[in-house]
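Biologist: I'm new to this one, so could you pick a single part and take me through it closely? Start inside and work outward, please.

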Amino acid sequence: VHDPPGPHNAVSGREARSNGWALLREKTVVKGHKCFREVTENRRCDVFVVFKPGWVAILFLCVGSLSLLAGALLLFDYGRYIKCEVDYGSGTLGVNQTVTITQKNCTGNLGDREQPLGEYFLYYELLEFYQNNRRYIASRSDDQLQGAAMDRGEWTDIAAACKPVACTNFNASLTAEAGEGGVCTGDTPYFIVPCGQMAATIFTDRFWLHAQTDEGVWVEKGVDTEPETIAWNADVERMENPPMPQGECMHGVCFRLNKTLFPLGLKDGHFLVWMRPAPMPDSWKLWGKIEGDLTFPVNVTVENNYDAGVFGATKKLIIAENTLVGGGNQWMATAFLISGTIEIIFALVVLLISLGKANRQKRHLQHSPTNLHW
């Protein structure tokens, strides 16, 4: 039997709304957290994860220990790193010279071993060449290097990007920038492939290595200069040669890259290595990977084609052994050691502060009136 509606059991509107919102709150409680959605006040149910000091200390201790371990491994690996270098810039252009590299030219812990523990790579270095100059890097056309259309009408942007080396004459002995509208006229009527200052100043020296056998006979050592070995895979995949014979001029375009020095054209490994700018004032470029074992001394026959003195630079020849991270890098090992030490110190500070705070809270609770026993 239900009581008839009447004033004695009527519920006010405010009380009904209050009961309804209370029921809604109960249904929207998130398990494990003391938060709920209050629709009446348009609030969000946010959960903030706060790590305890102990977990923070453990996390930083683990990361710091791993950093110290990595730094110690890199430092130990750098101690075995061998680098041999010799200056050969005093040779006469166009005349071959022989450079001898002995153990006296090497740095690192070579010890009594004559053979490397890893692999040897041949590099050349241009001191104070400043390939990282902003204008020098900008003087190139990536569209052209990636096989842009050879139509003269589409070369306006390419000629502007390659300024001031965009046009040439038939024998490529004279270069100039494009005229109005990106057109090559006058004494330099041909567009250059590849254009720009970077391509115009490409390194052209060549090297041949000779080492002694166990019988004391000097033999030539193989050097792997394939693009897949010395260049970045991204550069190998994106570079494309123009649809014309290398070293010839036709249809208003000259593909002037030397075929003898760069037989694969724009996809040649030495060209790809040169076109990736060096980040430092001294340009250190990979020439090739030395095949097989190598013993000292080593004779390097140099074909002097590159005049570095025009740019105020000097040339060096480098033979270096690879490490766990590629080349010798003492700074990386030092950075890991310093960061690991800082992380461990931070973890210890957090741990000491948390322990001190816990002890103060414990003493406070011991002297609380609620904990006194009469």
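**A close look at the buried interior**

Modeller: Let's start with Phe262, which counts as buried because its relative accessibility is just 3%. Keep in mind that this is a predicted model. Phe262 sits in the loop between β12 (253-255) and α9. Setting aside neighbours within four places in sequence, Phe262 is in contact with Ile202, Phe203, Thr204, Gln246, Leu257, Asp268, His270 and Phe271. Take Thr204 from that list: 58 residues separate it from Phe262 along the chain, yet their C-alpha atoms are 8.9 Å apart.

Another of those partners, Phe271, leads us on to the largest nonpolar core, which has 68 residues. Phe271 is among the members that touch the most others, along with Phe207, Trp274 and Ile319. Strand β4 gives the most to this core, six residues. As a general rule, nonpolar side chains in soluble globular proteins tend to be buried together.

Have a look at Ile319 next. Beyond four places in sequence, it touches Ile82, Lys83, Cys84, Ile101, Tyr120, Phe121, Leu122, Leu209, Ile290, Leu294 and Val298. Three of those names, Tyr120, Phe121 and Leu122, fall within β4, which covers residues 120-127.

Tyr123 is in that strand too, and its 17% relative accessibility is why it counts as buried. Skipping residues up to four places away in sequence, Tyr123 touches Trp284, Lys285, Leu286, Trp287, Lys316, Leu317, Ile318 and Ala320. Its C-alpha atom is also 7.1 Å from that of Gly288, though the two positions lie 165 residues apart along the chain.

Now for some charged pairs around here. Lys289 and Glu119 form a salt bridge, with their closest N and O atoms 3.2 Å apart. Lys289 is in strand β13 (residues 283-290) and Glu119 is in the loop between β3 (106-107) and β4, so this pair ties together parts 170 residues apart in sequence. Both ends are partly exposed: Lys289 has a relative accessible area of 24%, and Glu119 is at 35%.

A second salt bridge joins Glu303 and Arg206, and there the closest N and O atoms are 3.2 Å apart. This pair links strand β14 (residues 298-303), home of Glu303, with strand β8 (residues 206-212), home of Arg206, across 97 residues of chain. Glu303 is buried, at 16%, whereas Arg206 is partly exposed, at 23%.

A third pair stays local. Arg238 and Asp235 form a salt bridge with closest N and O atoms 3.3 Å apart; both lie in helix α8 (residues 233-238), three residues apart, or about one turn of the helix. Asp235 is buried, at 3% relative accessibility, while Arg238 is partly exposed, at 28%. Shared partners join Asp235, Arg238 and Arg276 into one salt-bridge network.

Stepping back, the chain has ten helices and 15 strands, and buried residues make up 35% of its 374 residues. Of the contacts between residues at least 6 apart in sequence, 75% join residues at least 24 apart.

One last thing, about confidence. The chain's mean pLDDT is 78, with 74% of residues reaching 70 or more. Helix α9 (residues 269-274) has the highest mean, 94, and helix α1 (residues 13-27) the lowest, 50. Over residues 1-11 the pLDDT is below 50, and that stretch has three contacts beyond near neighbours in sequence.

Note on methods:
Residues are numbered from 1 along each chain as its sequence is written. This is a predicted model: local features need pLDDT of at least 70, side-chain atom pairs count only at pLDDT 80 or more; totals for chains, interfaces and linings use all residues. Side-chain values use heavy atoms; hydrogens and water are left out. pLDDT is the predictor's confidence in each residue, from 0 to 100. Helices (H or I, at least four residues) and strands (E, at least two) are DSSP runs, numbered from the N terminus. Contact means heavy atoms within 4.5 Å. Buried means under 20% relative accessible area, exposed over 50%, partly exposed in between (1.4 Å probe, protein chains only). A nonpolar core is a set of buried Ala, Val, Leu, Ile, Met, Phe, Trp, Tyr and Cys residues joined through side-chain atoms within 4.5 Å. A salt bridge is a side-chain nitrogen of Lys or Arg within 4 Å of a carboxyl oxygen of Asp or Glu.
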